Amino acid sequence: MRAAILLGAALALPAGADMPGEVEGYRMEAYRSAVPETLSGATVVDDDAAYALWKAGHVVFIDVLPRAPKPKNLPEGAIWREKKRLSIPGAIWLPNVGYGAIAAETDTFFRHYLDKAAEGDPDRPVLFFCLAECWMSWNAAKRAMAEYGFTNVFWYPDGTDGWDFAHYPLEQVTRAPALEE
């Protein structure tokens, strides 16, 4: 049974609780909830396997944590500072690509940066992650296979929570710029 890392504490699912199964299509809601143990067509990795892939240096790591939107009700002149993202060193942060339904602009953004990171090779190994118990990475990995033709996909369901809990290094990353920036 995989433990969820929440608020810095390891919490296991209750005894006898079943992990959810894979869904048809993409997960469309409740993105922060128990995830399946599998993703058809992908290799699911734990903390140590993800670390070994990272150390080997041949796998592209894609962080899909959503970007917090700027609050709409900020008073005029208020300073908005985005929350810093600590991630796996060398990872490419592609925020918002893991929603179940994505806008055409987000799809173009995802395809562009994924193709760029893989140097145009859909057989290049890519690993998707977010946080523990987050469907965003599951959706993004599935989309990379089902819609973009990637064939060597890894999914790391414990994400940066598991990575940090295992005491592996983290570094601040900056989101990939929008294509019009």
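Two strands are taken to pair if DSSP finds at least two bridges between them. Helices (H or I, at least four residues) and strands (E, at least two) are DSSP runs, numbered from the N terminus. The structure is a predicted model, in which local features need pLDDT of at least 70 and side-chain atom pairs count only at pLDDT 80 or more, while totals for chains, interfaces and linings use all residues. Residues are numbered from 1 along each chain as its sequence is written, and side-chain values use heavy atoms, with hydrogens and water left out.

Strand E4 has two pairing partners described here. With strand E7 (residues 126–129), E4 runs parallel and is joined by 4 bridges; within this pairing, Asp63 stands opposite Phe129 of E7. Strand E6 (residues 92–93) also pairs with E4 in the parallel sense, over 2 bridges, and here Ile62 of E4 stands opposite Ile92 of E6. Burial was assigned from relative accessible area, with buried meaning under 20%, exposed over 50% and partly exposed in between (1.4 Å probe, protein chains only). On this scale E4 is covered on both faces, Val60 and Ile62 being buried on one side and Phe61 and Asp63 on the other.

Salt bridges were identified as a side-chain nitrogen of Lys or Arg within 4 Å of a carboxyl oxygen of Asp or Glu. This rule yields a count of 5 salt bridges. Among them is the contact of Asp63 with Arg85, whose closest N and O atoms are 2.9 Å apart. The pair links distant parts of the chain, since Asp63 belongs to strand E4 (residues 60–63) and Arg85 to strand E5 (residues 85–87), 22 residues apart. Both Asp63 and Arg85 are buried.

A further salt bridge is formed by Glu82 and Arg67, with a closest N and O separation of 2.7 Å. Both residues lie in the loop between E4 and E5, so the pair ties together parts that are 15 residues apart in sequence. Glu82 is partly exposed because its relative accessibility is 35%, and Arg67 is likewise classed as partly exposed, at 30%.

Helix H2 (residues 104–117) holds both Asp107 and Arg111, whose side chains meet in a salt bridge at an N to O distance of 2.9 Å. Because Asp107 and Arg111 are 4 residues apart in this helix, about one helical turn separates them. Asp107 is buried, with a relative accessible area of 18%, whereas Arg111 counts as partly exposed at 38% relative accessibility.
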